[in-house]
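Open the model in a viewer and keep the sequence panel visible. The stops below are meant to be selected in order.

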Amino acid sequence: MKNKLAMKLENCIKMAFSINTSFMKNNLIMQQRFLHNGPDTIDELLERHVVKKEKSYNSDEEEIFKHQRLTSTRREALSLYRDILRATRFFIWPDTRGVLWRDILRENARREFEEARLEKDPEVITRLLIGGRDSVQAALDKLVEKQKQELAKDQATRNGQ
């Protein structure tokens, strides 16, 4: 009984392996292209599947590389935007007008991202992303330093009383 069960299991594993191998052979090109190189917006989806343009690329590899670079910078930009939104949670005090700094920072971040939305130059995009990351980190470092100073003041006043 044990031997039959082991043989059936082995046959199932062989069958699954052969199916997986044949599937991978047949769909290798499709898997390479669609792993996470798919369109990120509806316009890109329509452009890829509906609007047929003449290819200006020398080969498919260049097209894939260009698309990967675009999606990677898009992902970096979205990641930076989410990091900014997360970081603004800590800015809970109001300014002189009574508006929370969190809301002001979020509004400014949204405006800056909208202004840079149509930028095509990869060097400028990279510079903007690096500058944004540095700014977020600097703001958080200043916030941490200020909170440490406030805690030290509170500690000093408690010890003095």
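The tour starts with the whole chain and then goes through selected helices, a loop and some side-chain pairs.

**Whole chain**

Bear in mind throughout that this is a predicted model. Show the protein chain as a cartoon: there are six helices and zero strands. Followed from the N terminus, the elements read α-α-α-α-α-α. Colour by burial next; of the 161 residues in the protein chain, 13% are buried. Switch to a surface, and the exposed area comes to about 13800 Å², with 58% of that area supplied by carbon and sulfur atoms. For contacts with a separation of 6 or more, residues 24 or more positions apart account for 51%.

**Helix α6**

Select residues 122-160, which are helix α6. This helix has 39 residues and spans 57 Å from its first C-alpha to its last, close to the 57 Å expected at 1.5 Å a residue. Which residues of α6 are buried? Highlight I125, L129, G132, V136 and L143 to see them.

Stay on α6 and show the side chains of E123 and R127. They form a salt bridge, with the closest N and O atoms 3.3 Å apart. Both residues lie in α6, four residues apart, about one turn of the helix. Are they buried or exposed? R127 counts as exposed at 51% relative accessibility, and E123 is exposed at 54%; the cut-off for exposed is over 50%.

Move along the helix to E150 and K153, whose side chains meet in a salt bridge at 3.9 Å, N to O. These two are three residues apart in α6, so about one helical turn separates them. E150 is partly exposed, with a relative accessible area of 35%.

**From α6 to α4**

The structure holds nine salt bridges. One of them can be found by selecting D83 and R133: the closest N and O atoms of this pair are 2.4 Å apart. D83 lies in helix α4 and R133 in helix α6, so the pair ties together parts that are 50 residues apart in sequence. Both partners count as partly exposed, D83 at 24% relative accessibility and R133 at 29%.

**The T88 site**

Select T88, which is in helix α4. Is this residue buried or exposed? T88 has a relative accessible area of 3%, so it counts as buried. A polar atom of its side chain lies 2.7 Å from the backbone oxygen of L85. To see what else surrounds T88, add R102, L105 and R106; T88 touches these three, leaving aside residues up to four places away in sequence.

Keep L85 on display and add R110, which is found in helix α5. How far apart are R110 and L85 in space, C-alpha to C-alpha? The distance is 9.7 Å, for two residues 25 apart in sequence. R110 counts as partly exposed, at 46% relative accessibility.

**The loop between α4 and α5**

Helix α4 covers residues 60-88 and helix α5 covers residues 101-115; W93 is in the loop between them. D95 is found in that loop too.

Begin with D95. This residue counts as buried because its relative accessibility is 15%, and the cut-off for buried is under 20%. The D95 side chain makes a polar contact with the side chain of R97, at 3.1 Å. Show W101 and I104 as well: D95 touches both, not counting residues up to four places away in sequence.

Now turn to W93. The residue is partly exposed, with a relative accessible area of 38%. Return to the surface view and select I92, W93 and W101. What do these residues form on the surface? They make up a nonpolar patch, and their accessible area together is about 310 Å².

**Selections to keep**

Three selections are worth saving for a second pass:

- D83 and R133, the salt bridge between α4 and α6.
- T88 with R102, L105 and R106, which T88 touches.
- I92, W93 and W101, the nonpolar patch on the surface.

Technical notes: Residues numbered from 1 in each chain as written. Predicted model: local features only at pLDDT ≥ 70, side-chain atom pairs only at ≥ 80, totals over all residues. Heavy atoms only, no water. Buried < 20%, exposed > 50% of the residue type's maximum accessible area, 1.4 Å probe, protein only. Contact = heavy atoms within 4.5 Å. Areas by Shrake-Rupley, 256 points an atom, 1.4 Å probe, with all protein chains shown as cover. Patch = residues over 30% accessible without salt bridge, like charges linked within 9 Å, V, L, I, M, F, W, Y side chains within 5 Å. Salt bridge = Lys/Arg side-chain N within 4 Å of Asp/Glu carboxyl O. Polar contact = N/O pair within 3.5 Å; in protein donor to acceptor, adjacent residues only side chain to side chain. Expected span 1.5 Å × (residues − 1).
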